[in-house]
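The following report describes a structural model for a reader who has not met it before. Please consult the sequence and the structure shown here while reading.

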Amino acid sequence: MEKKLYDKLVMTHKPKEHRGQNAFIAFVVGGIMGVIGQLLVEFYSYYLGLSSIDASIFMIVTLIFLASLFTALGFFDKWVKFAKCGLIIPITGFAHSMTSAAIEYKKEGLVTGLGANMFKLAGTVILYGVVSAYIFGFIRLIIMGGA
Amino acid sequence: MSFKYKNVYIKDVSTVVGPYENEGPLAKRFDRHYDDMYFETDSVESAEIKIMEDSVDLVLKKANLEKSDIDLFIAGDLQNQIAASSYTALKVGQPFLGIYSACATNTEGLIIASNFLESKTVDNVIVSVSSHNMVSEKQFRNPTEYGSPKPSTATFTATGGASCLLTNNKSKVRIESSTIGIPVDYEQNDALHMGACMAPAAANTINKHLSDLDRTIADYDLILTGDLGVYGKEILIDFMKTEYGIDIKEKYNDCGVMLYDLEHQKEVQAGGSGPVCSALVVYSDIIRKLANKELKRVLYVATGALFNPTLVFQKKNILSIAHAVSLESVE
């Protein structure tokens with residue numbers, strides 16, 4: 001059989017992924033995450049009297065802590081499988097990728113295992129996050145004069 | 001290349017499984033199961049070694065033999081450098097051949113053992129395979145606790161160890177013929193749709209087996225592929241029909257689909273995979289049916305995706321291979 005024909009045969013037996021449904025769930029869960037984040041910011045600034053910048057940092061740390069804790073307790077991966085990008089795109093996804101890699105490689109030692117592999121998934125995000133921040137910062141400097 | 005055998009008998013088989021397999025439809029048929037993924041060891045890699053050792057101990061106990069009675073130990077698995085097999089071989093303490101054909105490893109082992117036995121150079125051979133879901137996930141995909149969404153074509157590496165003791169002495173089931181497969185490349189590179197990668201290899205080997213031995217599908221009660229999964233199975237049926245004009249639909253099933261309850265165990269998605277997947281189904285259920293004469297002759301075609309994560313990232317295709325053995329009930 002021609003390889004192109006075979007590709008066609010494979011396509012006819014490919015199940016439909018529920019893209020619409022997945023996007024909807026991700027949209028709702030992502031929205032809820034935003035609400036939770038905002039509630040945390042309000043909580044920290046109202047009850048602890050922090051400035052809104054400090055309260056945002058506290059909010060991020062709280063979400064990272066919870067995502068890491070729930071990953072370690074073993075049920076966060078099930079939530080992520082359900083909510084998909086609703087939990088992967090927010091900071092929770094970043095924390096989840098680091099904690100899961102750290103758990104996976106801890107048996108191979110603190111340096112050769114955990115240390116060397118913890119950024120296996122998150123490393124890409126950091127690298128290209130920094131690179132794109134630099135590029136966009138540069139564009140902003142040129143267009144808006146650094147304002 | 002196909003062979004016919006006169007002196008190759010299956011004396012005993014053993015199966016040890018993890019928790020997911022034990023929730024499947026074959027649960028009652030396995031010899032031993034563990035309720036967690038670590039099997040009382042401290043890492044998943046050690047757990048895989050333990051499960052293979054367990055299966056060897058069990059098959060020896062069933063056959064009432066000692067390790068010293070074994071002339072040759074043949075084993076393979078998915079762990080890097082087939083580690084589970086090597087560590088088990090150390091415990092067996094007999095001449096060892098480590099083999100690898102990914103998920104087609106089990107039939108490769110059975111073919112090598114059969115050829116040794118047929119020439120009567122050895123008397124007792126054990127063929128073992130194992131795989132462990134978390135070891136494979138870590139090695140080939142993402143950390144196990146990372147909840148990356150997968151498409152419904154993805155398969156689930158089975159956790160278990162399985163051993164088969166082959167001899168020259170007559171028993172209820174024998175290996176009657178075999179076919180060594182050829183690697184194929186149909187330019188597939190989706191690591192989450194292994195069924196599509198492996199279906200042409202299975203078709204190629206089935207066709208070769210039938211034409212080499214001048215047989216038809218009617219000579220078999222059942223054609224069994226290793227781990228094509230729900231969608232790979234459909235592809236194979238279509239492929240056999242259009243490419244070779246052979247209709248296998250009525251007599252065909254896939255071990256990956258049989259190992260789990262696909263309705264209730266949603267986490268397995270398109271079905272089971274891994275070298276032990278087909279071994280668990282054949283050893284727990286098919287051998288028993290052959291011994292009872294419920295089945296007369298079964299063509300067992302284990303399928304392997306020769307998948308290397310590094311080369312896939314370098315845009316190379318995923319090759320695949322299938323080896324077949326024909327199991328027959330003895331009069």
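Helix α1 of chain B covers residues 44–63, 20 residues in total. From its first C-alpha to its last this helix reaches 29 Å, close to the 28 Å expected at 1.5 Å a residue. Because 15 of its 20 residues are buried, α1(B) is largely enclosed by the rest of the structure. N64(B), just after this helix, takes a positive phi of about 60°. These descriptions refer to a predicted model.

**Two domains in chain B**

The domain assignment divides chain B into domain 1 (2–167) and domain 2 (173–329). Their C-alpha centres lie 18 Å apart. To the contact between them, domain 1 of chain B brings 50 residues and domain 2 of chain B brings 56 residues. On the side of domain 1 that touches domain 2, several elements of chain B give two or more residues, including the strands β1 (2–4), β2 (9–17) and β4 (72–77) and the helices α3 (105–118) and α4 (133–140). The largest share of this side, seven residues, comes from α3(B).

**Contact between the chains**

Chains A and B also meet: 26 residues of chain A are in contact with 23 residues of chain B. On the side of chain A that touches chain B, the elements giving two or more residues are α1 (3–12), α4 (76–83) and α6 (91–105) of chain A.

The table sets out the residue classes of two of these contact sides.

| Contact side | Nonpolar | Polar | Charged |
|---|---|---|---|
| Domain 1 of chain B, touching domain 2 of chain B | 25 residues | 18 residues | seven residues |
| Chain A, touching chain B | eleven residues | six residues | nine residues |

**Nonpolar cores**

The largest nonpolar core has 110 residues. Those with the most contacts inside this core are A202(B), L280(B), Y300(B) and V301(B). Domain 1 (2–167) and domain 2 (173–329) of chain B both give residues to the core, so it lies between them.

Which residues does V301(B) touch, not counting those up to four places away in sequence? They are A202(B), T205(B), I206(B), I223(B), L224(B), T225(B), G226(B), A322(B) and A324(B). A202(B), one of these partners, is itself listed among the residues with the most contacts inside the core.

Apart from the largest core lies another, of 13 residues. Among its members are F76(A), V80(A), A95(A) and A101(A).

Terms used. Residues are numbered from 1 along each chain as its sequence is written. Chains are lettered from A and ligands numbered from 1 in the order in which they are written. This is a predicted model: local features need pLDDT of at least 70, side-chain atom pairs count only at pLDDT 80 or more; totals for chains, interfaces and linings use all residues. Two residues are in contact if their C-beta atoms, placed from the backbone, lie within 7 Å. Helices (H or I, at least four residues) and strands (E, at least two) are DSSP runs, numbered from the N terminus. Ala, Val, Leu, Ile, Met, Phe, Trp, Tyr, Cys and Pro count as nonpolar, Asp, Glu, Lys and Arg as charged, and the others, Gly among them, as polar. The expected span of a helix is 1.5 Å times one less than its number of residues. A residue is buried if 20 or more other C-beta atoms lie within 10 Å of its own, exposed if 12 or fewer, and partly exposed in between; C-beta atoms are placed from the backbone. Domain bounds come from an automatic or database domain assignment. A nonpolar core is a set of buried Ala, Val, Leu, Ile, Met, Phe, Trp, Tyr and Cys residues joined through C-beta atoms within 7 Å.
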